[in-house]
Amino acid sequence: MSKKLLILPGDGIGPEVMAVVRRVIDWMDKRRGVSFDVEEGLVGGASIDAHGVPVTDEVVEKALAADAVLLGAVGGPKWDNLDFARKPERGLLRLRKDLELFANLRPAMCFDALVDASTLKPELVRGLDIMIVRELTGGVYFGEPRGIEDLGNGIRRGINTQVYTTPEIIRVARVAFELAGKRGGRLTSVEKANVMESGVLWREEVSKLGAEEYPDIALDHMYADNCAMQLVRAPKQFDVIVTDNLFGDILSDAAAMLTGSLGMLPSASLGAEENGRRRALYEPVHGSAPDIAGQDKANPMATLLSFSMALRYSFDLGGEADLIEGAVEDVLAAGLRTADIQEPGKPAVTTTAMADALIAALDKRTA
Ligand code: NAD
């Protein structure tokens with residue numbers, strides 16, 4: 001089976017952290033006999049500089065043809081003053097739209113060595129491993145009508161519409177049920193059915209799908225406000241959470257911070273399955289970090305863990321993903337830290353040093 005991977009490093013620290021993934025890909029080729037058909041392309045400011053647009057049709061075509069896309073980050077001060085339609089972020093939005101990526105997967109995992117980096121007590125986060133599945137293409141961010149109306153007499157009205165259809169709910173719930181089946185077998189569906197009709201529909205459709213197709217998954221329902229509280233009170237009670245675009249946006253950021261740093265957080269966005277292949281884009285949660293770009297300071301873990309998610313979900317290489325996650329754990333346990341996860345009184349290492357240590361840890365684990 002050919003494994004087509006499109007790499008889009010983007011801007012700022014994007015190329016630096018992606019270089020670390022390229023080293024791991026080369027290592028897998030040489031040491032594990034696992035090779036990818038890798039292509040690279042431009043996105044964001046890098047594409048604007050070369051082609052005048054934040055992503056070209058050619059790159060979008062390549063993304064559609066790939067088994068997985070791995071993206072670094074886009075944006076930076078150089079392009080801040082462009083019109084909204086030409087900004088680097090539009091490249092990413094176009095990719096998400098053209099690939100119809102409707103399910104956003106945000107794991108919140110706490111590596112043992114980083115337990116103290118969380119703002120919560122160690123016992124609450126040690127061993128934490130939850131997955132938030134956020135609906136990404138519907139809901140209040142896209143619903144019509146929307147806008148700001150002038151009602152006269154100095155009064156204006158801002159409108160957004162929360163709207164979900166049955167197929168939109170079912171397709172994202174299905175992704176979440178499938179994931180729960182591969183993890184702890186538990187799914188929590190989150191909405192506000194107490195005050196929103198779209199929430200009532202969400203709850204009914206998820207319950208029906210669960211009863212008909214996933215009877216072995218333990219499904220429960222929770223209101224979004226309670227879920228926010230439970231995430232900081234006792235986050236380990238969750239396995240997989242599925243929720244809409246707005247609540248998912250907020251809850252996934254709250255869950256992310258349980259684990260310490262932006263530099264550690266991967267994500268995946270999945271689209272429809274066609275001919276046994278699901279469109280997918282993997283990217284770190286962080287941005288292009290212009291304040292540290294070009295200084296060999298960036299933490300490459302979030303991007304490497306995004307690649308490891310690609311191995312697991314797009315290439316069915318769970319064993320290789322385990323190996324990478326194990327190497328990340330080893331490097332952290334050995335005390336190596338980039339500045340973003342630095343411990344008080346201890347030195348920070350460079351991106352390059354972190355990459356060297358990762359490769360050494362991979363060697364050791366497979367010796
Ligand atoms: P950011 O995530 O780039 O940076 C926030 C802070 O976290 C900075 O201090 C940065 O140095 C630090 N940081 C982020 N990633 C890190 C890493 N891997 N290692 C070490 N430190 C890290 O967010 P921002 O500063 O708000 O945005 C900067 C640019 O990135 C903007 O142009 C923004 O539009 C863009 N952005 C892009 C994406 C994306 O590509 N998906 C997401 C968010 C922001």
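**View 1. Asp-296, a partly exposed residue with a positive phi.** With a relative accessibility of 28%, Asp-296 counts as partly exposed, because that class covers the range between under 20% (buried) and over 50% (exposed). Keep in mind as you look around that this is a predicted model. The phi angle of Asp-296 is near 60 degrees, a positive value in a residue other than glycine. To find Asp-296, look in the loop between strand 12 and helix 10 (301-313).

**View 2. Asp-316, an exposed residue with a positive phi.** Here is another aspartate to visit: phi of Asp-316 is near 55 degrees, again positive in a residue other than glycine. Asp-316 sits in the loop that links helix 10 to helix 11 (318-333). Is Asp-316 buried or exposed? At 70% relative accessibility, Asp-316 counts as exposed.

**View 3. The cis peptide bond between Glu-144 and Pro-145.** Take a look at the backbone here: Glu-144 and Pro-145 are joined by a cis peptide bond, with omega at about 0 degrees. Pro-145 belongs to the loop between strand 5 (129-135) and strand 6 (147-152).

**View 4. An open sheet of 10 strands.** Reading across the sheet, the strand order is 2-1-3-12-11-4-5-10-8-9, and the pairing is mixed. Strand 2 (37-40) and strand 9 (218-223) stand at the edges with a single partner strand each, so one side of each has no neighbour in the sheet. From one strand to the next, the twist averages 20 degrees.

**View 5. Strands 11 and 12, an antiparallel pair.** Moving in on the sheet, strand 11 (residues 266-274) pairs with strand 12 (residues 277-284) in the antiparallel sense, over 7 bridges. A handy landmark is Ala-268, which stands opposite Tyr-282 in strand 12.

**View 6. Helix 1 across three strands.** Helix 1 (residues 14-32) lies across strand 1 (4-10), strand 2 and strand 3 (68-73). Helix 1 runs at about 150 degrees to strand 1.

**View 7. The cavity and its lining.** How many cavities of 30 Å³ or more does a search of the whole structure find? The search finds 1, and the largest cavity holds about 50 Å³ of space. Among the residues lining the largest cavity are Gln-162, Tyr-164, Lys-192, Trp-202, Asp-244 and Phe-247. Strand 8 (186-191) and helix 7 (197-213) each supply at least two lining residues, and helix 7 gives the most, with 3 residues. By type, the lining divides into 5 nonpolar, 3 polar and 3 charged residues.

Key:
Residues numbered from 1 in each chain as written. Predicted model: local features only at pLDDT ≥ 70, side-chain atom pairs only at ≥ 80, totals over all residues. Heavy atoms only, no water. Pairing = 2+ DSSP bridges. Helix = DSSP H or I, 4+ residues; strand = E, 2+ residues; numbered from the N terminus. Axes fitted to C-alpha atoms, helices over the stretch in contact; angles between N-to-C directions. Contact = heavy atoms within 4.5 Å. 1 Å grid on protein atoms, 1.4 Å probe; cavity = no way out; pocket = protein on both sides within 12 Å on 5 of 7 lines; lining within 4 Å. Points joined across faces, edges and corners; volume = space filled by probe spheres on them. Nonpolar A, V, L, I, M, F, W, Y, C, P; charged D, E, K, R; others polar. Buried < 20%, exposed > 50% of the residue type's maximum accessible area, 1.4 Å probe, protein only.
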